[in-house]
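Q: Please take a close look at the ligand site. What surrounds the ligand, and which polar contacts are found there?

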Amino acid sequence: MPEEQLYWEKVKQVIKNLARAYGFERLDTPILEAADLFVKGTGLYTDIIEKEMYSLKTKGGDWLSLRPEFTPAVMRAYLENGLSSWPQPVKLYTIGPIFRYERPQKGRYRQSEQANFEIIGQQDPVLDAQLIQLFFSISKELSLKNLTVQINSIGCSNCRPIYRKKLVSFYKSRKKQLCLNCQKRLQHNPLRLLDCQESKCQRLAQEAPQIIDQLCDDCHNHFKNVLEFLDELALPYILNPYLVRGLDYYTKTVFEIWPEGEEGRQISLAGGGRYDNLIKLLGGKNTPAVGLAIGLDRIVDLMKVRDIKISPRAHPVIFLVQLGDLAKKKSLKLFEELRKSGLEVASSFSRDTIKAQLKTADKLKVRFSLILGQKEVLDETIIIRNMVSGIQETVPLVKVIKEIKKRLRSK
Ligand code: HAM
């Protein structure tokens, strides 16, 4: 809605400026992609693919989906466009809508907007930390405080299978104590049992083996380094052994950013992590990568809840009032000339009484109105009305831009 646009403009502007400052280049991917890309990339047994994708079959028989996230699409674009031959890491960002068939409620929408960042081609833990730093630079510019990083490591293809086995054997003997959903997940996605919101599953998760104790040396060191970088940057984080994220491609670091005090509601403002195997899975070379997506609807919602003020758009400084057919015709051209000279002009060409037009000018808080009537057109003059004092002066039409700029300069 119009009154919300101020927030959206501000949020997107801050993100674009900081993306550039941190060395990200923009790319855009199509809203519709082959469904298979997400089934393969996001993972068959994830909530997104099992329940939340909007898919359709075209007349030609192709299965397409409205993108439920960006990451697999960005990786497809990276591979198809030969970005692997660019100097690595390649840093890409995009902003746009994603679509998930979720139960709509505050903070959870079927169409929502994400700003998505990916750093492709290097495994250095400093990059994981830099993405988190980028988020905090964005939130600082938006005056959003009291946010924390929830962070965990979910290991790699060496150590996770061993952990997974331990986890499954822990849960198998307790299957009946799980919610129905988790009983189903146990076979294909046992890690998700750790972040189930059902209280009986949460109780069990507290006793379950923790992955942090099972990490291989490589994953352990990587995670330790990420945390050291966060300490160095003095960024607030909480080690959360139950954070596993709902997407299949993650390896090593996973993180979410939550508003403080909202831990129970699962309203993350942003989420991300490392995914060192995804590009290979999609047909590329072995290429490590790490990324982050920020939920812009949630950012805007939180700014409104916290009553964060945004300076309104600059008011127009002039209002063009016209009276009669001749003046209306003339004022259309004059409007263009004023605008091109760099002045912010407003007008309501369709409203005919001078009273109504001056009322609109008042509402817009302009400093001057320019009044063009039948007489002025014939005399080739125009009236400048100071909207504060009400004083009116008639000036030659050819000099109006100069005259108005002179008056705007003097306070
Ligand atoms: P995600 O956690 O699914 O991660 O989404 C990231 C953020 O998008 C969430 O933290 C949330 O703010 C917002 N979001 C997601 N779904 C909705 C919704 N239905 N309504 C409102 N906001 C929503 C990803 O999408 C990964 N692709 C992030 C990533 C990038 N990982 C690596 N690179």
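A: What follows describes the ligand site and then one residue of a strand beside it. The model is predicted.

The shell around the ligand consists of 26 residues. Glu 69, Glu 102, Tyr 109, Arg 245 and Tyr 250 are the closest of them. By type, the shell divides into 11 polar, 8 nonpolar and 7 charged residues.

Polar contacts to the ligand involve both backbone and side-chain atoms of the protein. On the backbone side, an N or O atom of Tyr 109 lies 2.8 Å from a ligand nitrogen atom. A polar side-chain atom of Glu 118 is placed 2.9 Å from a nitrogen atom of the ligand. For Leu 269, a polar backbone atom is 3.1 Å from an oxygen atom of the ligand. The ligand taken alone exposes 650 Å², and 97% of that is buried by the protein. Strand S6 (111-120), strand S10 (270-274) and strand S11 (289-295) are the elements that each give two or more residues to this shell.

Strand S6 also holds Gln 114. With a relative accessible area of 11%, Gln 114 falls under the 20% limit and therefore counts as buried. Beyond its neighbours within four places in sequence, Gln 114 is in contact with Phe 70, Thr 94, Ile 95, Gly 96, Ile 98 and Arg 100. Its contacts further include Ala 293, Ile 294 and Leu 296.

Terms used
Residues numbered from 1 in each chain as written. Predicted model: local features only at pLDDT ≥ 70, side-chain atom pairs only at ≥ 80, totals over all residues. Heavy atoms only, no water. Near = heavy atom within 4 Å. Polar contact = N/O pair within 3.5 Å; in protein donor to acceptor, adjacent residues only side chain to side chain. Areas by Shrake-Rupley, 256 points an atom, 1.4 Å probe, with all protein chains shown as cover. Helix = DSSP H or I, 4+ residues; strand = E, 2+ residues; numbered from the N terminus. Nonpolar A, V, L, I, M, F, W, Y, C, P; charged D, E, K, R; others polar. Buried < 20%, exposed > 50% of the residue type's maximum accessible area, 1.4 Å probe, protein only. Contact = heavy atoms within 4.5 Å.
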